[in-house]
Amino acid sequence: MKGQMKVMQRGLFTSLIVLATAGLPARAQYAGGSGTADDPHLIATAQQLNGIGLHPEDWDKHFRLTTDIDMNDLGEAKVNLIGTLGDPFGGVFDGNDHTIANLVYRVKDEDGSPTSNSVFRIGLFRVISGWDALVKDLGLIEPDVQPDPTCTKWQINYVGALVGSLGEGWVRNCYVKGGYVGGSIDVGGLVGGCFSDAAVSECWSTAEVSGSATVGGLVGYGAWVSIWSCHAGGRVSGVFDVGGLVGDCMQEGVIEDSFTTGTVAASQAGGLVGYLDRGSVSRCYSTASVSGSFSLGGLIGVNHGLIDTSWAGGEIAGGTTVGGLVGYNEVGGGFLNIPPYFDTKVTDSYATGAVRGDGAIGGLIGSNEGTLLRCYSAGVVTTSRPVPASTLGGLVGNDRGVPEWDVLGCFWDTMTSGLDVSQGGTAMTTAQMQDLAIYLDAGWDFVGETANGTEDLWKMSAEGPSYPKLAWEHAPDPNTGS
């Protein structure tokens, strides 16, 4: 009888232990915290970070790094990515101004479905989705994310060092310093693809990024996305739709107060955006050099959207449809000619970079179908072979409309460009280009005057002769370039 009682007591004690510790395993794998906003799970080691990917039940929780992490500490252990399409990360990951170094991920066949010839959504976070989802204050140092040599899948799409696919969430104050990100379509240094009112702000990347299409130094693809106060400066390359910051920005995507340096190589490529379709770019600039075969622009490769108060100064070299600001300024149904019809405008913007090509070459626009208002160009324009005069211009290489109607209040410098012809715009000497009165007569809105408006879009240096500058421009920080 006593033996039976001891067995019963032992069983009861064990049951109580099980009940008391039922909630501990997930918590014990981290350095502390319960996963709430006030008491986030604390991450102090590479092993704890890697554990998040094994626990989908925690993907709606709050996390915080407590120190810098080196993924080399994992040794030969497999890196566990966070979130899936069916079960995305919807919580908050606070980098707490710490870094994650040496994230190495080789995409293999098992990362995709056995029934698909493609792999989708690769990044430290494969999928982030949800109105409250947030990743902030985090740096990635020298990540290396690319297909494994043994991978037999035809395409690796939506690839970013930090996030593969971002929907409805927000990535804020995050960066990628150095490293490499490679894939096929929708490849970005930080984020592969952004959708559904997602936001990326105060972020930057200097990673090298390569793919085939829709490749960006920071973001590969964006639709209904807001991107602001961001920059990128690595080498970005692909086949088409490649941009120094964003590969494709479509369907009401907005890019503001951002810039790029570095180099971009592809067709339909731009220093900032490769293809802008029914989106907008404001208060942005690029000094990135751009090279390729066609539709190349210092800021935008193909523009089917709105560009306002922006500029480009990088060297542009390619074949046909090459412009200092925009390669092809397109009007119509946009990508795949999908309605609705959307007008295309470039307003209060300029280009100063050297432009070289062999057809439809312009200091500002290579080939134009849209509206140009209050713009100028001052870069040298040259050809690699003899071309018809109708495809070469100091401001616009080829205008497919009526220049007198769609190019208004615009100028180009005949002395610096080396050309006295353009399909639209007014030819000026360098001295005239530096004469404030000429711009005021053309309706340009300058700081300190109200006759042409009160937005104060332009300014002129008081220290001596100069071209107009945009009012928001300031001297770059020598440490950041911004």
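# A tour from the core outward

Begin by selecting Phe93, Phe125, Leu162, Leu190, Val200 and Ile255, which touch the most other members among the 99 residues of the largest nonpolar core. Nonpolar side chains tend to be buried together in soluble globular proteins. Center the view on Phe93, whose contacts, leaving out residues up to four places away in sequence, are Leu49, Ile52, Phe63, Leu65, Phe125, Leu134, Val135, Lys136 and Leu138. Another core, of 16 residues, lies apart from the largest one, and Tyr285, Tyr376, Leu457 and Tyr467 are among its members.

Before going further, color the model by confidence, keeping in mind that this is a predicted model. The mean pLDDT of the protein is 91, with 90% of the residues at 70 or more. Over residues 1–26, however, the pLDDT is below 50, and this stretch has two contacts in the model beyond near neighbours in sequence. Residues 478–482 also have a pLDDT below 50, and that stretch has 11 contacts beyond near neighbours in sequence.

Now zoom out to the whole chain and switch to a cartoon, in which seven helices and 51 strands can be displayed. The C-alpha trace spans about 110 × 50 × 40 Å along its principal axes. Of the 482 residues in the protein, 55% are buried. Among contacts with a separation of 6 or more, 75% join residues that are 24 or more positions apart. With a surface representation turned on, the accessible area comes to about 19,400 Å², and carbon and sulfur atoms account for 55% of that surface. If you then select the charged side chains, there are 25 positive and 52 negative charges, and the mean positions of these two sets are 13 Å apart.

Return next to one of the core residues, Ile255, which is placed in strand 25 (residues 254–256). Why does Ile255 count as buried? Its relative accessible area is 0%, and the cut-off for a buried residue is under 20%. Beyond its neighbours within four places in sequence, Ile255 is in contact with Ile227, Leu245, Val246, Cys249, Leu272, Val273, Ser280, Val281, Ser282 and Cys284. A distance drawn from the C-alpha of Ile255 to that of Val181, which is 74 residues away in sequence, comes to 22 Å.

Select Gln268 afterwards, in strand 27 (residues 263–270). Gln268 counts as buried because its relative accessibility is 19%. Setting aside neighbours within four places in sequence, the contacts of Gln268 are Phe240, Asp241, Val242, Gly274, Tyr275, Phe294, Ser295, Leu296, Gly301 and Val302.

From there, move to Thr214 in strand 19 (residues 213–216), which is buried with a relative accessible area of 6%. Apart from residues up to four places away in sequence, Thr214 touches Ile185, Asp186, Val187, Gly220, Tyr221, Phe240, Asp241, Gly247 and Asp248. With both selections displayed, Phe240 and Asp241 can be found among the contacts of Thr214 and among those of Gln268.

Finish at Asn117, in the loop between strand 5 (104–107) and strand 6 (118–122). Is Asn117 buried or partly exposed? With a relative accessibility of 46%, Asn117 counts as partly exposed. Leaving out residues up to four places away in sequence, Asn117 touches Thr152, Lys153, Trp154 and Gln155. For Thr152, which is 35 residues from Asn117 along the chain, the separation between the two C-alpha atoms is 8.2 Å.

Technical notes:
Residues numbered from 1 in each chain as written. Predicted model: local features only at pLDDT ≥ 70, side-chain atom pairs only at ≥ 80, totals over all residues. Heavy atoms only, no water. pLDDT = per-residue confidence, 0-100. Contact = heavy atoms within 4.5 Å. Core = buried A, V, L, I, M, F, W, Y, C linked by side-chain atoms within 4.5 Å. Buried < 20%, exposed > 50% of the residue type's maximum accessible area, 1.4 Å probe, protein only. Helix = DSSP H or I, 4+ residues; strand = E, 2+ residues; numbered from the N terminus. Areas by Shrake-Rupley, 256 points an atom, 1.4 Å probe, with all protein chains shown as cover. Lys, Arg positive; Asp, Glu negative; His and termini not counted. Charge placed at Lys NZ, Arg CZ, Asp CG, Glu CD.
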